[in-house]
Amino acid sequence: MKKLKFYIIGLIPGLIIVFFILNKKGASCSGYLPNSRVIAETLSKDFQYSEAFKKEMTALKIDEKFLKDSIITKGKIDFDKSHAQKKPCPDYLLTYPDKNPTYEITYEKCEERVTLNSLKKLK
């Protein structure tokens, strides 16, 4: 029982200190989830747009900044409808926003580039 007290007395202040240090540095653990990793990899590559994708972007009045900063960054990958193990370029289905999706994007993520194939407005 004595050992448990000492353990808790050391653990709680230690966790608080670590929390404050990591919080000030802006660190988070969210980057380790599969959705976050795929999106981070996607944003780090060069973008290529198919002709159909360009036409839809124009028709829906979506610019590249909104596409990257909102749709892709805050989107959710549907792994059930994606082919993440496909070689050499896995393809993904991304929906935005997470709840009640408005847009749906399909794209291929290759070694050096991302090819955006289709953009659909769901509502």
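This report walks through a five-stranded sheet and the helices that pack on it, in a predicted model.

**The sheet**

Let's start with the strand order. The five strands form an open sheet that reads E1-E5-E4-E3-E2, with mixed pairing. E1 and E2 are the edge strands, each of them pairing on one side only. As a reminder, strands of a sheet pair through backbone hydrogen bonds, either parallel or antiparallel.

Three of the pairings can be set side by side, each with one pair of facing residues:

| Strand pair | Sense | Bridges | Facing residues |
|---|---|---|---|
| E2 and E3 | antiparallel | two bridges | Ile77 and Leu94 |
| E3 and E4 | antiparallel | six bridges | Tyr92 and Tyr107 |
| E4 and E5 | antiparallel | seven bridges | Tyr103 and Lys121 |

You can follow these pairings across the sheet. Ile77 stands opposite Leu94, a residue of E3. E3 also runs antiparallel to E4, joined to that strand by six bridges, and here Tyr92 has Tyr107 of E4 as its bridge partner. On to E5: seven bridges join this strand to E4, and Tyr103 is partnered by Lys121 in E5.

Two hairpins are worth a look on your screen. The hairpin of E3 and E4 has six residues between the strands, and Asn100 takes a positive phi near 50° there. The hairpin formed by E4 and E5 has three residues between its strands.

How enclosed is E4 by the rest of the structure? Five of the seven residues of E4 are buried, so this strand is largely enclosed. The cut-off behind that statement is a relative accessible area under 20%.

**The helices on the sheet**

Now for helix H2, which spans residues 34-43 and has Asn35, Val38, Ile39 and Thr42 as its buried residues. Looking down the axis of H2, you would find these residues within an arc of 95°, so they line one face of the helix. What covers them? The cover of the buried residues of H2 includes helix H4 (64-72) together with strands E1 (46-49), E2 (76-77), E3 (91-96), E4 (103-109) and E5 (113-121).

H2 lies across E1, E2, E3, E4 and E5, and its direction is at about 70° to E4. Helix H3, residues 51-59, packs on the sheet too, where it touches E1, E4 and E5. The direction of H3 makes about 50° with that of E5.

Technical notes: Residues numbered from 1 in each chain as written. Predicted model: local features only at pLDDT ≥ 70, side-chain atom pairs only at ≥ 80, totals over all residues. Heavy atoms only, no water. Buried < 20%, exposed > 50% of the residue type's maximum accessible area, 1.4 Å probe, protein only. Helix = DSSP H or I, 4+ residues; strand = E, 2+ residues; numbered from the N terminus. Arc of directions from axis to C-beta. Contact = heavy atoms within 4.5 Å. Pairing = 2+ DSSP bridges. Axes fitted to C-alpha atoms, helices over the stretch in contact; angles between N-to-C directions.
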